[in-house]
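Good morning, colleagues. May I ask you to bring up the sequence and the coordinates, so that we can go through the salt bridges, the sheet and the burial of its parts.

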Amino acid sequence: MKIKSAEFLKSCTSSEQFPEFEYPEFAFFGRSNVGKSSLLNMLLGKKDLVKTGSRPGVTTMINFFIVNDNKSFVDLPGFGYAKLPAPMRKKFMPLIKEYVQNRKNLKLAFMLVDIRRTPGDYEEEIIAFLTDREIPVAITITKSDKLSKNQRAKRIKEIETSLGVSSDSIFLSSATTGEGKRELLSLITEMSQTSSRTD
Ligand code: GDP
């Protein structure tokens with residue numbers, strides 16, 4: 001898939017604000033600092049369509065982007081590794097779950113995991129929620145350039161084991177080297193053609 005255009009559409013803080021259209025949709029999940037903005041910019045071939053770095057640790061906005069006038073990419077909020085205060089968590093997970101439940105054209109979810117980190121509750125809860133609703137999940141390991149080839153292979157295995165997923169659903173990426181770009185974009189093209197949910 002070639003990116004011809006990519007535009008920011010809107011930020012939403014509640015489901016009533018979600019845009020309505022029939023475009024195949026792709027959602028990007030991950031903790032803050034995982035490299036989500038950088039990966040989105042890398043995929044879209046834009047320098048700073050999605051703001052990177054220096055964001056507050058917790059954001060509860062869902063950002064919608066329109067790609068090639070026929071797809072939507074959605075940046076879901078993430079929080080850091082520090083334990084989230086209960087009131088914040090109470091706001092945050094329901095919004096994510098509402099998003100997943102509402103979007104009939106959601107074709108695929110990317111769950112980003114930093115290659116140097118071990119996934120925890122955040123990743124497990126969201127993956128379980130998506131899987132229960134039969135949304136395919138691509139575990140996307142970010143910042144592959146941070147480790148040597150040998151270290152990478154070891155970390156991939158560890159992430160695979162900790163999430164209990166098969167190697168088929170794991171993708172390696174780096175916004176710095178562009179690794180994974182072609183593979184992730186072809187996955188998006190392929191999944192755009194799958195039929196929509198009817199529930
Ligand atoms: P977000 O909070 O998940 O949107 O993360 P950002 O995209 O803002 O990235 C967080 C930090 O990680 C920034 O300092 C980025 O420069 C850095 N970063 C993101 N992706 C990569 C990558 O692929 N390789 C390396 N080496 N650094 C990265």
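K154 and E158 sit 4 residues apart in helix α4, about one turn of the helix. Please bear in mind that this is a predicted model. The side chains of K154 and E158 meet in a salt bridge, at 3.7 Å from N to O. K154 counts as exposed, at 55% relative accessibility, whereas E158 is partly exposed, at 34%.

A second pair belongs to this helix. K157 and E160 are 3 residues apart in α4, again separated by about one helical turn, and their side chains form a salt bridge at 4.0 Å, N to O. K157 is exposed, with a relative accessible area of 52%; E160, at 14% relative accessibility, counts as buried. Elsewhere, D114, R116 and K143 are joined into one network by salt bridges that share partners.

Which partner does E179 find in a salt bridge? That partner is R152, and the closest N and O atoms are 3.5 Å apart. R152 belongs to helix α4, residues 149-163, while E179 lies in the loop between β7 and α5, so the pair ties together parts that are 27 residues apart in sequence. R152 is buried, with a relative accessible area of 17%, and E179 is partly exposed, at 27%. The count of salt bridges comes to 10.

I turn now to the sheet. It is open, has 7 strands with mixed pairing, and follows the order β1-β3-β4-β2-β5-β6-β7. The edges are taken by β1 and β7, each with a single partner strand, so one side of each has no neighbour in the sheet. Neighbouring strands are turned by 25 degrees against each other on average, direction ignored.

Within that order, consider β2, residues 25-29. Its pairing with β4, residues 71-75, is parallel and comprises 4 bridges; here A27 has V74 as its bridge partner. With β5, residues 106-114, β2 pairs in the parallel sense over 5 bridges, and F26 stands opposite L108. Then β5 pairs with β6, residues 137-142, also in the parallel sense, over 6 bridges, where L112 is partnered by T140.

Why is β2 described as largely enclosed by the rest of the structure? The reason is that 5 of its 5 residues are buried. Both faces are covered: E25, A27 and F29 are buried on one side, F26 and F28 on the other.

Helix α1, residues 36-44, packs on the sheet and touches β1, β2, β3, β4, β5 and β6. Its direction makes about 145 degrees with that of β2. Since 8 of the 9 residues of α1 are buried, this helix is likewise largely enclosed by the rest of the structure; among the buried ones are L39, L40, M42 and L43. Just after α1, G45 takes a positive phi of about 65 degrees.

Finally, let us look at C12, in strand β1, residues 6-12. Is C12 buried or exposed? At 0% relative accessibility, C12 counts as buried. Leaving aside residues up to four places away in sequence, C12 touches Q17, F18, P19, T60, M61, I62 and F64. C12 and N63 lie 51 residues apart in sequence, yet their C-alpha atoms are 6.4 Å apart in space.

Thank you; I would be glad to take questions.

Note on methods. Residues numbered from 1 in each chain as written. Predicted model: local features only at pLDDT ≥ 70, side-chain atom pairs only at ≥ 80, totals over all residues. Heavy atoms only, no water. Helix = DSSP H or I, 4+ residues; strand = E, 2+ residues; numbered from the N terminus. Buried < 20%, exposed > 50% of the residue type's maximum accessible area, 1.4 Å probe, protein only. Contact = heavy atoms within 4.5 Å. Pairing = 2+ DSSP bridges. Axes fitted to C-alpha atoms, helices over the stretch in contact; angles between N-to-C directions.
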